[in-house]
Amino acid sequence: MDKLVIEGGRQLRGEIAVSGSKNATLPIMAATLLAPGQYRLTRVPNLMDIRTMANVLRVIGAKVEQSGHSLLIDTSHANFPEAPYELVKTMRASFYVLGPLLARFRRARVSLPGGCAWGPRPVDLHLKGMEALGAALTLDEGYIVAEGQKLNGAKFFFPISSVGATGNVMMAAVLAEGETILENAAIEPEITALAEFLLQMGADIRGIGTTTLHIRGADSLQPIDAEMIPDRIEAGSFVAAVGVVGGEVELTGANPDHIHSVIHAANQAGIEISSRGHSLQIKANGRPAPLHLSTAPYPGFPTDLQAPFMALLSVANGNSSITDTIYTDRFAHVPELVRLGARINLVGNCALIEGVEELQGATVMSTDIRASVSLVLAGLRAQGRTEVLRVYHLDRGYEKIEAKLSKTGARIWREEGTL
Ligand code: EPZ
């Protein structure tokens, strides 16, 4: 398994291009099952998770070709409504195919996703939403088996704001008979992008971008081409990178409107950010100021940036705290950051961070996508050499991060690992 090696202490200067959004592309790939035909998706990030979703679509009978940052998907002959455990266990977002399979084929056999590195991640709201639309679901050897008649529109309230459940149920509803009203729907930009993709396909969805979606079922939809939105979590991770080690970087191809909460937090930490069109100019020097952060559903501070900002606050000139209200156990990166010299104490779902002047390089272990990038960021600052093992976690969510960072002056490279 590969590892990333970093010689810390070099400021970042130059330009970094933000890739297309992983978390917008994955549900949109699932949505291509809703209408037979050819789809061309552009600005698709070249990531492990995209390749996994492509394999899920292939099992279902779709043709998928990726060339560079374009995906050509042909679902004309998709006819096998199954998503196997071997694939779903490697990427939970495979579960997004449940709604489209139900809507188009009226039956599905989709493996329940397992847990993930930081704990259980239920899909009960996905299932309750499908049942509200009339799907008959049973659990058979770890698979959700759905034998739905034609789905019927319904009113459904999400007791928790859920990105995945909102996307899955919305995709089921666009071909259901009659009107569906989804209340307390997630409004993350990735869900708005999915809703707009469905609208272009001919779906009737009103209230896009709000927490109440009115959907009137269509008889059929049409295949379309679309460009993916920029990855706001990647952009926020690079904001934290500049803050950790200092420098001046221009982030191109970003969408500042998707990261107001991140820009606000970075400004409070003393990181200067200005935006011009789709570029962000980021400037930082010395140690960041301490912060007290709490994650929240969009437009609040994203849970996916909790770990990267913890690396930033590890070297703040004061005491900080980060509370994760979305995933109360998403702290597998804490003991690894402590190995680099960070002073962090966990009290329930709150990390108390005593900022230190310097970190010291060490060998550390990745456990999940965002934990691994927080270790890379800490390594950029740490004195000496840091080795981040099992970077396949990183490769799931960050396209060529070592190339992007070394282009701006970081000493970072990939080596064959043994562990
Ligand atoms: C999406 O996951 C993202 N993944 C995650 O990013 C992100 O952390 C998460 O949203 C929160 O923003 C993709 O978009 C592919 P949720 P998702 O349903 O949809 C609870 C990354 O690093 N919940 O919004 O699975 C859940 O336990 C990944 O790119 C239920 O209780 O997240 C959590 O506490 C990691 N029942 C909260 O809702 C359900 O049926 C939010 O989860 C579903 C969720």
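What follows is a walk through the two domains of this predicted model, the interface they share, the ligand site and a few backbone oddities.

A word on ground rules: the model is predicted, so local features need pLDDT of at least 70 and side-chain atom pairs count only at pLDDT 80 or more, while totals for chains, interfaces and linings use all residues. Residues are numbered from 1 along each chain as its sequence is written, and side-chain values use heavy atoms, with hydrogens and water left out.

The chain splits into domain 1 (2–19 + 230–416) and domain 2 (22–220); these bounds come from an automatic or database domain assignment. Their C-alpha centres sit 30 Å apart. Where the two meet, 24 residues of domain 1 are in contact with 21 residues of domain 2, contact meaning heavy atoms within 4.5 Å. The size of an interface is often given as the accessible area lost when the parts come together. Here the domains bury about 1,900 Å² between them, 51% of it on carbon and sulfur atoms; that is the accessible area (1.4 Å probe) that two parts lose on being put together, summed over both. On the domain 1 side, Y298, R396 and E399 lose the most area to domain 2, together 32% of what that side buries.

As for polar links across this interface, the rule picks out 2 salt bridges, each defined as a side-chain nitrogen of Lys or Arg within 4 Å of a carboxyl oxygen of Asp or Glu. It also turns up 9 residue pairs in polar contact, both residues at pLDDT 80 or more. A polar contact is a pair of N or O atoms within 3.5 Å; within protein, one must be able to donate a hydrogen and the other to accept it, and residues adjacent in sequence count only if both atoms are side-chain atoms. Helices α12 (369–381) and α13 (392–395) each supply at least two residues of the domain 1 side that touches domain 2; helices here are DSSP runs (H or I, at least four residues), strands likewise (E, at least two), numbered from the N terminus.

Turning to the ligand, 22 residues surround it, the closest being D124, L125, S162, D304 and I326; a residue counts if one of its heavy atoms lies within 4 Å. Polar side-chain atoms of K22 and R370 lie 2.9 Å and 2.8 Å, respectively, from an oxygen atom of the ligand. For R92, a side-chain N or O atom is 2.8 Å from a ligand oxygen.

K22 also forms a salt bridge with D49, with the closest N and O atoms 3.8 Å apart. K22 lies in helix α1 (residues 22–31) and D49 in helix α2 (residues 48–60), so the pair ties together parts that are 27 residues apart in sequence. Over the whole structure, the search finds 21 salt bridges.

Two backbone quirks round things off. The peptide bond from Y298 to P299 is cis, with omega near 10°, and P299 falls in the loop between β18 (292–294) and α10 (306–314). E141 has a positive phi of about 50° although it is not a glycine; its place is in the loop between β8 (137–140) and β9 (143–147).
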